[in-house]
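Here are a few notes to read with the model open beside you. I hope they help you find your way around.

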Amino acid sequence: MFDAAKFIEASLPKLRAQAGEHDALIALSGGVDSSVAAALMNKAIGKHLKALLLDTGFMREGEPGQVKAMMKAAGITVEVRDVSGEFFAALKGLSDAEEKRKAFRETFYNIFGRETKNFKCEYLVQGTIAPDWIETEGGIKSQHNILEQIGIDTKTKFGFRLIEPLAQLYKDQVRLLGKELGLPDEVYSRQPFPGPGLMVRCIGEVREDTVAELRKSVAIVEKHVTNADAQQYFAAIFESKGKDAMNIAEQASHLFNDRCSAYLHEAKATGVKGDLRFYGQLVGLKLGKRHPISELSKKQLDIVIKNEVVCRVLVKILSQHTSRGQKLPYSVAIRAIRTRDFMTATVSEIEWARLEAMAKEILAACPHVWRVYYDVTPKPPATVEFE
Ligand code: XMP
């Protein structure tokens with residue numbers, strides 16, 4: 001059983017010895033991990049800790065300001081830097097998930113190389129936790145914050161050394177630690193938000209206009225879904241481009257004993273097949289009836305197994321068209337999952353009435369969105385995020 005008080009007692013002298021007389025800069029995102037790492041480090045080295053939040057352009061509505069206020073209440077002063085222009089420039093023309101993640105990582109740490117110099121800090125502190133490096137080493141996806149574990153020498157490449165005080169912990173332990181450190185409940189109970197933020201929820205090439213519609217969709221999902229329904233809940237956006245897939249429609253009709261059509265999107269997402277990374281397409285099903293989510297999320301596996309190109313199964317909630325009855329260019333998927341350690345996850349059984357209310361609001365707020373789906377794929381064969 002994890003004992004947070006003992007962990008703190010053992011960590012403080014180690015962290016003080018590691019930092020020595022040097023100053024350290026914490027890379028804050030406002031997520032649970034970096035906030036808890038900041039509080040622990042603050043306890044260890046006090047005024048030698050500086051805090052910086054990079055506004056990458058991929059944060060949620062109002063998030064930079066909220067994080068600044070939240071950390072201020074926890075006794076940590078955070079500077080916010082808008083560097084969104086640099087990120088959009090670095091990602092231009094990239095649509096492959098791993099290429100995007102690597103470009104994000106490069107830009108992120110080049111900026112922190114510059115900023116550690118600016119702040120006269122020898123160390124960069126970050127909230128890396130165990131699943132981050134386990135999944136990266138396992139080749140599933142390159143989490144943005146994994147550097148030394150994959151042989152990147154940060155001192156030579158970026159000019160700072162790293163301190164990762166939570167690197168051996170899992171999310172539930174990090175939350176207990178946050179509580180023990182006296183952080184407000186709203187900080188340590190927040191749902192996780194990935195470092196690359198909305199970039200991994202904007203499938204394929206990121207564009208400022210699609211990120212804007214995604215940001216609205218994420219805010220709508222966060223308004224309707226609660227921590228009681230799911231450990232993580234959000235929306236993702238992708239192009240509507242694709243084609244009808246008669247073979248999948250037939251399989252699904254048989255599987256669900258219902259009239260079904262299937263649309264194979266060109267957009268690709270990250271998943272896991274047989275312990276290995278799999279980068280496959282999204283299939284959107286339109287069913288005649290509202291089936292229980294438990295049934296959909298159980299039977300989807302048959303479709304993923306039988307169709308080599310398919311990575312995830314999405315079920316249509318609602319749609320809208322242009323005044324001429326044409327398809328709009330983007331589609332949105334709502335995702336809500338239950339998990340303890342984020343290494344595996346099941347799909348939350350959100351009632352259809354609530355899914356419909358969310359979809360209706362998303363369609364009203366996002367004039368370029370054709371369909372709103374619910375992602376009924378557990379992890380595995382999907383991952384939590386889409387990229
Ligand atoms: P996946 O998508 O790998 O997500 O099933 C598991 C958990 O990790 C979060 N995640 C990330 N967090 N940097 C982070 O700080 C990343 O690059 C990253 N990718 C995924 C994800 O939101 C989920 O909580």
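1. Let me begin with the cavity lining: its residues divide into 19 nonpolar, 13 polar and eight charged. Please keep in mind throughout that this is a predicted model.

2. How many cavities of 30 Å³ or more does a search of the whole structure find? The answer is one, and its volume comes to about 710 Å³. Its lining is made up of 40 residues, and those closest to the centre are Asp132, Gln143, Phe193, Pro194 and Gly195.

3. Several elements share in that lining. Strand 1 (24–28), strand 2 (49–55), helix 2 (32–45), helix 5 (97–118) and helix 6 (130–137) each supply at least two residues. Helix 5 gives the most, with five residues.

4. Next, have a look at the open sheet of five strands, where the order is 3-2-1-4-5 and the pairing is parallel. Strand 3 (78–82) and strand 5 (161–163) are at the edges with a single partner strand each, so one side of each has no neighbour in the sheet. From one strand to the next, the twist averages 30°.

5. At the strand 5 edge, the partner is strand 4 (residues 123–125), and the two pair in the parallel sense over three bridges. If you would like a landmark there, valine 125 stands opposite isoleucine 163 of strand 5.

6. Which strands does helix 1 (residues 4–19) touch as it packs on the sheet? They are strand 4 and strand 5, and the helix direction makes about 170° with that of strand 5. Helix 5, which we met in the cavity lining, lies across strand 1, strand 2, strand 3 and strand 4, and runs at about 145° to strand 2.

7. The segment after strand 13 (369–375) deserves a look at its backbone, as it holds proline 380 and also proline 381. A cis peptide bond joins lysine 379 to proline 380, with omega about -15°. Another cis peptide bond joins proline 380 to proline 381, and there omega is about 10°.

8. Finally, two loop residues other than glycine have a positive phi. For asparagine 257 the value is near 50°; this residue sits in the loop between helix 11 (246–256) and strand 8 (260–273). Aspartate 275, in the loop between strand 8 and strand 9 (276–287), has a phi of about 75°.

9. Are these two side by side with solvent or tucked away, that is, exposed or buried? Asparagine 257 is exposed, with a relative accessible area of 65%, and aspartate 275 also counts as exposed, at 67%.

Notes:
Residues are numbered from 1 along each chain as its sequence is written. This is a predicted model: local features need pLDDT of at least 70, side-chain atom pairs count only at pLDDT 80 or more; totals for chains, interfaces and linings use all residues. Side-chain values use heavy atoms; hydrogens and water are left out. On a 1 Å grid over the protein atoms alone, a cavity is a set of points where a 1.4 Å probe fits but cannot get out, and a pocket is an open set with protein on both sides within 12 Å along at least five of seven lines; lining residues have an atom within 4 Å of a point. Grid points are joined across faces, edges and corners, and a volume is the space filled by probe spheres set on the points. Helices (H or I, at least four residues) and strands (E, at least two) are DSSP runs, numbered from the N terminus. Ala, Val, Leu, Ile, Met, Phe, Trp, Tyr, Cys and Pro count as nonpolar, Asp, Glu, Lys and Arg as charged, and the others, Gly among them, as polar. Two strands pair if DSSP finds at least two bridges between them. Axes are lines fitted to C-alpha atoms, for helices over the stretch in contact, and angles run from 0 to 180 degrees between N-to-C directions. Contact means heavy atoms within 4.5 Å. Buried means under 20% relative accessible area, exposed over 50%, partly exposed in between (1.4 Å probe, protein chains only).
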